[in-house]
Amino acid sequence: MTAQTVPHHIAIVMDGNGRWANKRFLPRIAGHKQGVNSLKRCAKACDARGVRVLTVFAFSSENWQRPTDEVSGIMDLFAFALAREVPQLKADGVQLRFIGERQGLSDKVLRGIEQSEVATASNQRLVLNVCFNYGGRWDIVQAAAKLGAQGVPVTEASLNQAMALAHVPDPDLVIRTGGELRISNFLLWQSAYSEFVFTDTLWPDFDEVALEAAISAFAARERRFGKTSDQVKPDVLLASDH
């Protein structure tokens with residue numbers, strides 16, 4: 001096993017938008033607007049570092065419980081951001097994929113999702129998975145239901161292929177901003193062997209320096225995937241001899 005210094009796939013729980021706004025005596029939606037800018041910045045930085053897949057937690061299935069005005073504001077911001085940002089993302093070679101339950105979303109949001117996916121489908125430079133109305137438990141349930149409807153036996157391999165992120169490898173690195181130390185129902189299946197980095201930085205303040213710090217932390221880890229250190233180290237030494 002050779003040392004991996006840059007993750008192929010980074011996943012991020014983008015936490016702290018509301019607290020960022022509250023600290024500045026602004027409405028919470030202002031934090032979400034700033035969070036869109038952080039996502040643009042992060043996607044560019046990931047591309048520059050050679051990361052090929054970026055998956056972000058934009059809106060969870062539990063976020064519907066938030067105040068109605070905040071949820072409504074997020075939906076409007078989401079639709080507006082798609083209309084504004086997709087042309088540039090398309091030009092930059094970013095392929096947009098939206099992961100989550102689509103039932104219950106407004107026609108306006110659904111149109112934006114579908115048009116964005118079609119417009120960027122042929123791009124291959126960076127895959128940007130946006131988890132919207134998503135939950136890790138939902139993902140496992142929908143995968144099992146899909147297999148049941150097809151009459152396919154449920155095995156680890158078949159379930160993996162039925163998951164909503166089957167089109168990309170599992171994340172190498174999961175980052176959570178905002179100082180919370182939990183995964184909040186994010187990529188429960190896919191993150192089984194991911195490395196985790198938790199940072200106190202609020203998402204609107206997450207920049208290239210913070211991303212580089214997370215990648216450096218990842219590069220210093222020993223990824224064993226169930227093996228022992230002694231099993232892994234000889235492979236690293238052997239690889240360095242060539």
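1. A pocket, as the word is used here, is an open set of grid points with protein on both sides within 12 Å along at least five of seven lines, and its lining residues have an atom within 4 Å of a point. In this predicted model, the largest share of the lining of the largest pocket, 8 residues, is supplied by helix H3, which spans residues 68-91.

2. The largest pocket holds about 880 Å³ of space, and of the 39 residues that line it, Met 14, Asn 17, Phe 57, Ala 58 and Phe 59 are the closest to its centre. Besides H3, the elements that give two or more residues to this lining include helix H1 (17-23), helix H2 (28-49) and strand E2 (53-60), together with strand E3 (94-99) and strand E4 (126-134). By residue class, the lining of the largest pocket divides into 21 nonpolar, 8 polar and 10 charged residues.

3. The second largest pocket has a volume of about 260 Å³, and among the 14 residues lining it, those closest to its centre are Asp 170, Trp 189, Gln 190, Ala 192 and Tyr 193. Its lining is made up of 6 nonpolar, 4 polar and 4 charged residues.

4. Turning to the interior, the largest nonpolar core has 40 residues, of which Ile 10, Ile 12, Leu 54 and Leu 211 touch the most other members. Helix H3 again deserves mention, since the largest share of this core, 7 residues, comes from it. Another core, of 13 residues, lies apart from the largest one and has Val 53, Tyr 134, Leu 165 and Leu 187 among its members.

5. For a reader who wishes to inspect one core residue, Leu 54 is a suitable choice, as it is one of those that touch the most other members. When residues up to four places away in sequence are not counted, the contacts of Leu 54 include His 9, Ile 10 and Ile 12, then Leu 39, Cys 42, Ala 43 and Cys 46, and also Leu 126, Val 127, Leu 128 and Asn 129.

6. A search of the whole structure finds 1 cavity of 30 Å³ or more, with about 40 Å³ of space. The residues lining this cavity are Phe 98, Ile 99, Gly 100, Glu 101, Arg 102, Leu 105, Ile 113 and Phe 132, and they divide into 5 nonpolar, 1 polar and 2 charged.

7. On confidence, the mean pLDDT of the protein chain is 92, and 92% of its residues reach 70 or more. Over residues 236-242, however, pLDDT stays under 50, and the model has 2 contacts beyond four places in sequence for this stretch. Where pLDDT is low, the predicted coordinates should not be read in detail.

Definitions and conventions:
Residues numbered from 1 in each chain as written. Predicted model: local features only at pLDDT ≥ 70, side-chain atom pairs only at ≥ 80, totals over all residues. Heavy atoms only, no water. Core = buried A, V, L, I, M, F, W, Y, C linked by side-chain atoms within 4.5 Å. Buried < 20%, exposed > 50% of the residue type's maximum accessible area, 1.4 Å probe, protein only. Helix = DSSP H or I, 4+ residues; strand = E, 2+ residues; numbered from the N terminus. Contact = heavy atoms within 4.5 Å. 1 Å grid on protein atoms, 1.4 Å probe; cavity = no way out; pocket = protein on both sides within 12 Å on 5 of 7 lines; lining within 4 Å. Points joined across faces, edges and corners; volume = space filled by probe spheres on them. Nonpolar A, V, L, I, M, F, W, Y, C, P; charged D, E, K, R; others polar. pLDDT = per-residue confidence, 0-100.
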